[in-house]
Amino acid sequence: MILWKRAAVLGFLSWLIPFVVGFLVFPLKQSNPPLFGNLMVLVVLLTGALLLYRYFRNRPVSVQEAMLVGTIWFAMNLIFDYPMFAYGPMKMTAWGYYSEIGLSYLVLPAFAFGVARLARS
């Protein structure tokens, strides 16, 4: 059974933490874009790992629930990012956003699936 409130709060954090880190290290994007991109994927992955651990703390891990939570977080990240990158200072096209940033959020459901499978075995 999914814990909706916990999933929503942690989903917001799955967006906020990488957003803050990205803001702090944004000068790297100008000087070394590949390093910035790789760093941000790692931040999203580590944030997802810690938040999934928090979500399932003291509960049995279900592959189906982990996939659902990861997918919810993926959708939340896209929704929270949209105004920042469509209308904010970045003004990116949809293609530019998804190819540069949005696709990396697929790490959340993919990681959730893998971790849940490992936990069940």
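## Confidence along the chain

In this predicted model, confidence in the protein chain peaks in helix α1 (residues 4–24), at a mean of 97, and is lowest in α5, at 86. The mean pLDDT of the protein chain is 93, and 100% of its residues reach 70 or more. Where pLDDT is low, predicted coordinates should not be read in detail.

## Salt bridges

The structure holds 2 salt bridges. In one of them, K29 is paired with E100, and the closest N and O atoms are 2.1 Å apart. This pair links distant parts of the chain, since K29 belongs to helix α2 (residues 27–31) and E100 to helix α5, with the two positions 71 residues apart in sequence terms. E100 has a relative accessibility of 41% and therefore counts as partly exposed, the range for that class lying between 20% and 50%.

A salt bridge also joins the side chains of R59 and E65, with an N to O distance of 3.0 Å. The two partners fall into separate accessibility classes: R59 is partly exposed because its relative accessible area is 21%, whereas E65 counts as buried because its relative accessibility is 7%. The cut-off that decides both assignments is 20%, under which a residue is called buried.

## The surroundings of E65

E65 is part of helix α4. Its C-alpha atom lies 7.2 Å from that of M1, although E65 and M1 are 64 residues apart in sequence. Apart from residues up to four places away in sequence, E65 touches M1, I2 and L3, and also Y55, F56 and R59. R59 thus appears both in this contact list and as the salt-bridge partner of E65.

## N77 and Y97

N77 lies in helix α4 and counts as buried, because its relative accessibility is 0%. The side chain of N77 makes a polar contact of 2.9 Å with the side chain of S14. Beyond residues up to four places away in sequence, N77 touches G11, S14 and W15, together with Y97, Y105 and L108.

Y97 is located in helix α5, the element in which confidence is lowest. With a relative accessibility of 6%, Y97 is also classed as buried. Its contacts, with neighbours within four places in sequence left aside, are N77, L78, D81, F85, M92, G102 and Y105. For Y97 and L78, which are 19 residues apart along the chain, the C-alpha separation is 9.7 Å. Y105 is named among the contacts of Y97 and among those of N77.

## F36 in helix α3

F36 is placed in helix α3. Its relative accessibility of 12% is why F36 counts as buried. Outside the four-place sequence window, F36 is in contact with G22, V25, F26, L28 and K29. The C-alpha atoms of F36 and V25 are separated by 7.6 Å, and the two residues are 11 apart along the chain. K29, a contact of F36, is the residue that forms a salt bridge with E100.

## Loop residues S104 and N58

S104 sits in the loop between α5 (94–100) and α6 (107–120). A polar atom of the S104 side chain is 2.6 Å from the backbone oxygen of I101. When residues up to four places away in sequence are not counted, S104 touches V41 and V44.

N58 is found in another loop, the one between α3 (33–55) and α4 (63–86). N58 is not a glycine, yet it has a positive phi of about 65°. Because its relative accessible area is 75%, N58 is exposed, the threshold for that class being over 50%.

## A nonpolar surface patch

V20, F23 and L24 form a nonpolar patch on the surface. Together these residues have about 340 Å² of accessible area. V20 is located in helix α1, the element in which confidence is highest. A relative accessibility of 38% is the reason V20 counts as partly exposed.

Methods
Residues are numbered from 1 along each chain as its sequence is written. This is a predicted model: local features need pLDDT of at least 70, side-chain atom pairs count only at pLDDT 80 or more; totals for chains, interfaces and linings use all residues. Side-chain values use heavy atoms; hydrogens and water are left out. Helices (H or I, at least four residues) and strands (E, at least two) are DSSP runs, numbered from the N terminus. A polar contact is a pair of N or O atoms within 3.5 Å; within protein, one must be able to donate a hydrogen and the other to accept it, and residues adjacent in sequence count only if both atoms are side-chain atoms. Contact means heavy atoms within 4.5 Å. pLDDT is the predictor's confidence in each residue, from 0 to 100. Patches are made of residues with over 30% relative accessible area and no salt bridge: like charges are joined within 9 Å, nonpolar side chains (Val, Leu, Ile, Met, Phe, Trp, Tyr) within 5 Å. Accessible areas come from the Shrake-Rupley method with a 1.4 Å probe; for residues, only the protein chains shown count as cover. A salt bridge is a side-chain nitrogen of Lys or Arg within 4 Å of a carboxyl oxygen of Asp or Glu. Buried means under 20% relative accessible area, exposed over 50%, partly exposed in between (1.4 Å probe, protein chains only).
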